[in-house]
Amino acid sequence: MSEPRTPPADADEVVAALDIGGTKTTAALVTRRGEVVDRATAATPGRAGPTAVLDTAAGLVDRLRARATGTRVRALGVGSAGVVDSRTGRVLSATDALAGWAGTDLRGGLRGLLGLPVAVVNDVHAHALGEARHGVAAGHATVLFVAVGTGIGASFVVGDAVLAGAHSAAGHAGHQPSPYAGSLPCPCGRRGHLEALASGPGLAAEYARRAGRPVDDLRAVAALAEGGDEVAGEVVRLGGTAVGSAVGGLVNVLDPHVVVVGGGVTGLGEPWWRALREAVRGEVLPGLAAVPVLAPALGADAPVVGAASLAWEVRS
Ligand SMILES: [Zn+2]
């Protein structure tokens, strides 16, 4: 018997990936198996406009390419903040953290700067693809991913694709009505949405209302809760309950094989997770009680791993 012929012709090939967020941009080189082999991060110059943001992002990829001697970088996958049209490669809308980002030709701009084929997707979809293809949900045919952080977003991965929606806006899970949000004003301009209460800033504001004094941010609420502050403990549990109720409703609509809940707010720990799982159980139809609700496995690498997985599919 002869030894297996190795390595295959593309063994030295990787793809580049970018995670462009409101505060920082991360670039990575990623193998076909989803292994991050190098990474670099810089502050996103969000106030300086889209040209500066693209220059910074391309500069990070160039730095990694320069370090990767003997390795061919085949393509680039990008996960970006904002609503992104994967078909045209343009940003359709974005938050104030990225000035002038809406309308940016993300794909064309980066292709021009780097000379690589480029695939682009919204950052929540990138995060979901990372966990669905190489993370805790690998092997599951359908995955509901929910990210709870400064905002609340979701992504539904069906087989090899994310559900983008007719206007590339599918997944705005934070902007559904929540019975726990009353008539609180939401960042989107509507009232009573889940994000108004259960996002990081939403929970900090809820603590301030209940305690009658302001707190800096969610981290302060978490510290108070750990120190035994009763109001902070209530707010943490309320956040888990509100998200769990919404997740349970989505499970009833989508019947996913598995749910993954990620984002900074999940760092509130076991009391938040317990409230979330209890609320999911209280909301789902009897036949869906066994749908697993999992914590992510890839940590901060998930968005670049997901964006990279798209880059392997781009035709060069
Ligand atoms: Zn809203």
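Two strands pair if DSSP finds at least two bridges between them. With that criterion in mind, the tour of this predicted model opens on a run of strands and then moves to a helix.

**Strands 8 and 9.** Select residues 142–148, which form strand 8, together with strand 9; the two run antiparallel and are joined by 7 bridges. Within this pairing, Val146 stands opposite Ala154 of strand 9. The two strands make a hairpin, with 3 residues between them.

**Strand 9 in its surroundings.** Now keep residues 152–158 selected and display the remainder of the model. Of the 7 residues of strand 9, 6 are buried, so the strand is largely enclosed by the rest of the structure.

**Strands 9 and 10.** Extend the selection to residues 161–162, strand 10, which is antiparallel to strand 9 and joined to it by 2 bridges. Here Val158 stands opposite Ala161. This hairpin has 2 residues between its strands, and Gly159 takes a positive phi near 60°.

**Helix 5.** Move next to residues 200–211. This helix of 12 residues reaches 17 Å from its first C-alpha to its last, close to the 16 Å expected at 1.5 Å a residue. At its start, a side-chain oxygen of Ser199 comes to within 3.1 Å of the backbone nitrogen of Gly202. Just after the helix, select Gly212, where phi is positive at about 75°.

**The cover of helix 5.** Finally, highlight Gly200, Gly202, Leu203, Ala204, Glu206 and Tyr207, which are buried. Add helix 4 (194–198), helix 6 (218–226) and helix 7 (230–254) to the view: these are included in what covers the buried residues of helix 5.

Methods: Residues are numbered from 1 along each chain as its sequence is written. This is a predicted model: local features need pLDDT of at least 70, side-chain atom pairs count only at pLDDT 80 or more; totals for chains, interfaces and linings use all residues. Side-chain values use heavy atoms; hydrogens and water are left out. Helices (H or I, at least four residues) and strands (E, at least two) are DSSP runs, numbered from the N terminus. The expected span of a helix is 1.5 Å times one less than its number of residues. Buried means under 20% relative accessible area, exposed over 50%, partly exposed in between (1.4 Å probe, protein chains only). Contact means heavy atoms within 4.5 Å. A polar contact is a pair of N or O atoms within 3.5 Å; within protein, one must be able to donate a hydrogen and the other to accept it, and residues adjacent in sequence count only if both atoms are side-chain atoms.
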